[in-house]
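Colleague: Could you walk me through the pocket and the charged pairs in this protein? I would like to follow along at the bench.

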Amino acid sequence: MHADLSAKADKQGSPFYYSAELPDGNYRVSVTLGDRKRAAKTSVRAECRRLMVEETATKKGEYKTVSFIVNKRSPYIADMTNVRLNKREQGINTWDDCLTLEFTGDAPAVKEITIERDTTALTLFLCGNSTVTDQATEPYASWGQMVTRWFQPEVAVANLAESGLATSSFLAQNRLEKILTMMKKGDYVFCEFGHNDQKERKPGSGAYYNFAHNLKIFVDKVRSAGGHIVFITPTQRRAFDNATNSKIQETHGDYPDAMREVARRENVPVIELHDMTRTFFETLGYEDSKKSLVHYPANTFPGQDKPLADNTHFNPYGAYEVAKMVVMGMKQLNLPFVKHLRPEWTDFSPSQPDDYNSFKWRNSENIDTTKPYGN
């Protein structure tokens, strides 16, 4: 599939979208950025704000071609079986029949797009909650929609996480079943849970009972289908101690340790995001750590008449930093696909985070300050 967007780019410098109706699967997308009449600065996002290409400058008459893999999917699994979407997921780009690209930046311009079905890319499937999912609206963001930026088109990321989910609800909504129907031998499944599992109060709930049991289900089913599984301990909440406001308090109870225990018993690799995000928050400090989360004064966004002070959910800067931590975890585990990181990748330490003021992100048109499900 090929599309010429040069006429559209010549007429405007504001953000625009391109959608193509396609079957479920991975697609290699090649985008030629630039314009014959003007200089441009363009970034590319896919589906629900997945960052694929950071803002790229082109001179008048200059063109640059970038390629990446986009995973496109619908809720359909088989006759009479679908992923059970919640109300906020219905009708969004993540789960519709189209592959959608968003072109934004200070002055976006695109000459042409080529979309081809890809059946060879190694796919990383993401399972989790609001700290992982592709958040559809500003000002929220999660690491799963930022990690896409760092991989060359030999690697695809399929993010089936959703706000408010625990291991039990992820399984009950057929999300793992959907992954198993899409997965090919050798693909990877990453699981970050704990935030919402700890709030369950049903019979059998608990870190070392239902939570551990569910994690074992993930391990067994993924391995039976020929895939590899990796656990990710949950991101910290911004919960500083009251005495000094310098140390993060533990708010996840036994859940990180229960995940580590299942991993030890089942020989599952673990990315210690729990520890890295603690270091990140403590390095930024009590006040500056707010800049990584959805903390904004009233009237920052349209219709937002009250301040936002969310200590769980990240904004784009925070999500971008956490995505770098996840990539570092992949590197520390020496997972084979890290050889496909983009050449501009540089190693990252949560004790030396990027400067908030140097982070570049132009807000998408979709804004909703309603807090995501879960905490």
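Modeller: Here are some questions and answers on the largest pocket and the salt bridges. This is a predicted model, where local features need pLDDT of at least 70, side-chain atom pairs count only at pLDDT 80 or more, and totals for chains, interfaces and linings use all residues. Residues are numbered from 1 along each chain as its sequence is written, and side-chain values use heavy atoms, with hydrogens and water left out.

Colleague: Which residues lie nearest the centre of the largest pocket, and how many line it?

Modeller: A pocket here is an open set of points on a 1 Å grid over the protein atoms alone, where a 1.4 Å probe fits, with protein on both sides within 12 Å along at least five of seven lines; lining residues have an atom within 4 Å of a point. Nearest the centre are Gly25, Asn26, Arg117, Asp118 and Met182, and the whole lining numbers 15 residues.

Colleague: How many residues of each class are in that lining?

Modeller: Ala, Val, Leu, Ile, Met, Phe, Trp, Tyr, Cys and Pro count as nonpolar, Asp, Glu, Lys and Arg as charged, and the others, Gly among them, as polar. Sorted that way, the lining of the largest pocket has three nonpolar, seven polar and five charged residues.

Colleague: How many salt bridges are there?

Modeller: Side chains of opposite charge can pair when their charged atoms come close. The rule asks for a side-chain nitrogen of Lys or Arg within 4 Å of a carboxyl oxygen of Asp or Glu. By this rule the count is 23 salt bridges.

Colleague: Are Arg175 and Glu89, which meet in a salt bridge, buried or exposed?

Modeller: Their closest N and O are 2.6 Å apart, and the pair links parts of the chain 86 residues apart, with Arg175 in helix α3 and Glu89 in the loop between β8 and β9. Buried means under 20% relative accessible area, exposed over 50%, and partly exposed in between (1.4 Å probe, protein chains only). Arg175 is at 0% and Glu89 at 1%, so both count as buried.

Colleague: Which parts does the salt bridge between Glu272 and Arg260 tie together?

Modeller: The closest N and O atoms of this pair are 2.7 Å apart. Glu272 lies in the loop between β15 and α6, so its salt bridge ties that loop to Arg260's helix, α5.

Colleague: Which residues make up the network of salt bridges?

Modeller: Glu272 and Arg260 form one salt bridge, and both belong to the network. Its linked members are Asp257, Arg260, Glu272, Asp275 and Arg278.

Notes: Helix = DSSP H or I, 4+ residues; strand = E, 2+ residues; numbered from the N terminus.
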